[in-house]
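Me: Got a minute to go through a structure with me? I'd like to talk about the domains first, then the ligand and the backbone.

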Amino acid sequence: MTDETTIEHLFTEPIRESMGGPSYGDWRSISAPDAVSLSYGFPYPDSLPNDQLIEAAEAVFEAEGDQALQYGGGEYVDRLAADVAARARERGIDCTESEVLLTNGATKAIDTICRAFLSPGDAIFVEAPTFMGALTLFENFGVEVAGFPVDSDGLDVDAVAAALRGRRREGRPIPKLLYTIPTFQNPTGTTMPVERRRRLLELAAEYDFVVLEDDAYGQLRYDGEDVPTMKAIDEEGRVLQVGTFAKTIAPGVRTGWILGPEAVVGELARIDAGGTNTFTRSVVGRYCTDGTLDSTVPELRAAYERRRDRMLEALEASMPPEASWTEPEGGFFVWVELPPGIDADRMLPEAAEEGVTYLPGEFFFPDDAGERCLRLSFSHVSVAEIDRAIEALGRATRSALAARSADD
Ligand SMILES: Cc1ncc(COP(=O)(O)O)c(C=O)c1O
């Protein structure tokens, strides 16, 4: 008998119930050696700033010596919080560094917020589809995860309003949190217009819940007009915004933040036992304050824009007319709806054989929806690979269509 079978009955009830289910990062296992992977929402390898991070680390040691490696770190630790607040102010958010809690990435930020607000039996509202990392994390809290549709303008706020009315009438739980990725959503790439954002804030005030805004891709706009973040238009202090350097520096720095009212952030800091990796924070602090981030982000935007454009052109050229897809103005993802009767999960082995892998839509829904959909990421591959991959996707889709017609 292994240790695991001896003690697993002592896990919390939510963990026992979700045991054996999907785990954070499962989606990384979808790959085939000879196929181009459009599954990963990772930065492309050449964008990773190895040399600049080495320089930043050297500068931190020069300035701080051993202090850089002590509990609490040195001055760059605090500089980073101040820098995050300054960047937020540039984007129209009225805040100071005391409203910033640095975290080990956006995922840990979401986890800390969930620990502070959710008890088993509570409800959380999410977009359906949504970021699967957040979905697997919500499972750990034993809460009801209720999904609401996403259209070309992001979350369908009218559907949320109708559900809230119904719940109030029936005496069912009103959500404590509503998790949204309003800008360049993962996985659909859609952006919620400001009117919807305002309506959502009105609902949050009327029904007394927190809006958990995930702004992981907010810095990566390629065209179109900026839309104010939920946090920027939040007059009541109901929005907790999470952000990350995973997409603008590197996922491996595991550095993100929560922006919220000072008193709330103070409590979140109190429960965030162990705190964050202060050394990495210092290096990122140096990177952000010596001009490196500002000089690299425009290059990243240009490189991702090229990839996005190429993917949209390739889809137009290769996919059958019954398929449709989103046209994101930023972020990493295109969401494809396959022709009726074609299941993206069942088509995956054939697609891999043709030369492409993707994430089937089902990964992104709290229930078993999304069979006809799939997520393509253009962030991690070259334009030449995008061409090859989308041609392969076109061939796999046409062959699935032919098989469907033969069955009819
Ligand atoms: C919407 C969204 N939030 C959060 C994350 C993860 O951020 P981090 O690596 O900082 O935990 C991702 C990464 O894929 C994401 O797409």
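**Domains, ligand and backbone**

Reply: Sure. 34 residues of domain 1 are in contact with 38 residues of domain 2. Keep in mind that this is a predicted model.

Me: Which residues belong to which domain?

Reply: Domain 1 comes in two pieces, 3–48 and 295–407, while domain 2 is 63–291. Their centres, taken over C-alpha atoms, are 24 Å apart.

Me: And how much area do domain 1 and domain 2 bury between them?

Reply: About 3000 Å², with 64% of it on carbon and sulfur atoms.

Me: What about charges, how many salt bridges are there between domain 1 and domain 2?

Reply: The count between the two domains is 2. If you look at glutamate 329, you'll find a salt bridge to arginine 221, with 2.8 Å between the closest N and O atoms.

Me: How many residue pairs are in polar contact across that interface?

Reply: 12 residue pairs, counting those with both residues at pLDDT 80 or more.

Me: Which elements supply the side of domain 1 that touches domain 2?

Reply: Helix H2 (13–18), helix H11 (292–318) and strand E11 (333–337) each give at least two residues to that side. H11 has the largest share, with 8 residues. By class, the side of domain 1 that touches domain 2 has 21 nonpolar, 8 polar and 5 charged residues.

Me: OK, switching to the ligand. Which residues come nearest?

Reply: There are 13 residues around the ligand, and Ala106, Thr107, Asp214, Tyr217 and Thr244 come nearest.

Me: Where would I look for polar atoms close to the ligand's oxygens and nitrogens?

Reply: Try three spots. Aspartate 214 has a polar side-chain atom 2.6 Å from a ligand nitrogen. Alanine 106 uses its backbone instead, with an N or O atom 2.7 Å from a ligand oxygen. Then lysine 247 puts a polar side-chain atom 3.0 Å from an oxygen of the ligand.

Me: Back to salt bridges for a sec. How many in the whole structure?

Reply: A search of the whole structure gives 28. One of the pairs to look at is arginine 115 with aspartate 272, whose side chains meet at 4.0 Å, N to O. That pair links distant parts of the chain, 157 residues apart: arginine 115 is in helix H5 (residues 105–117), and aspartate 272 is in the loop between helix H9 (262–271) and helix H10 (278–289).

Me: Last topic, the backbone. What sort of peptide bond joins alanine 128 and proline 129, cis or trans?

Reply: Cis, with omega about 15°. Proline 129 is in the loop between strand E3 (123–128) and helix H6 (132–139). The bond from asparagine 186 to proline 187 is cis as well, with omega near 15°.

Me: And where does proline 187 lie?

Reply: In the loop between strand E6 (177–180) and helix H8 (194–207). Phenylalanine 184 is found in the loop between E6 and H8 too, and has a positive phi of about 55° although it is not a glycine.

Me: Why bring those up?

Reply: Because most peptide bonds are trans, and most residues other than glycine have a negative phi.

Notes
Residues are numbered from 1 along each chain as its sequence is written. This is a predicted model: local features need pLDDT of at least 70, side-chain atom pairs count only at pLDDT 80 or more; totals for chains, interfaces and linings use all residues. Side-chain values use heavy atoms; hydrogens and water are left out. Domain bounds come from an automatic or database domain assignment. Contact means heavy atoms within 4.5 Å. Buried area is the accessible area (1.4 Å probe) that two parts lose on being put together, summed over both. A polar contact is a pair of N or O atoms within 3.5 Å; within protein, one must be able to donate a hydrogen and the other to accept it, and residues adjacent in sequence count only if both atoms are side-chain atoms. Helices (H or I, at least four residues) and strands (E, at least two) are DSSP runs, numbered from the N terminus. Ala, Val, Leu, Ile, Met, Phe, Trp, Tyr, Cys and Pro count as nonpolar, Asp, Glu, Lys and Arg as charged, and the others, Gly among them, as polar. A residue is near a molecule or strand if one of its heavy atoms lies within 4 Å of it.
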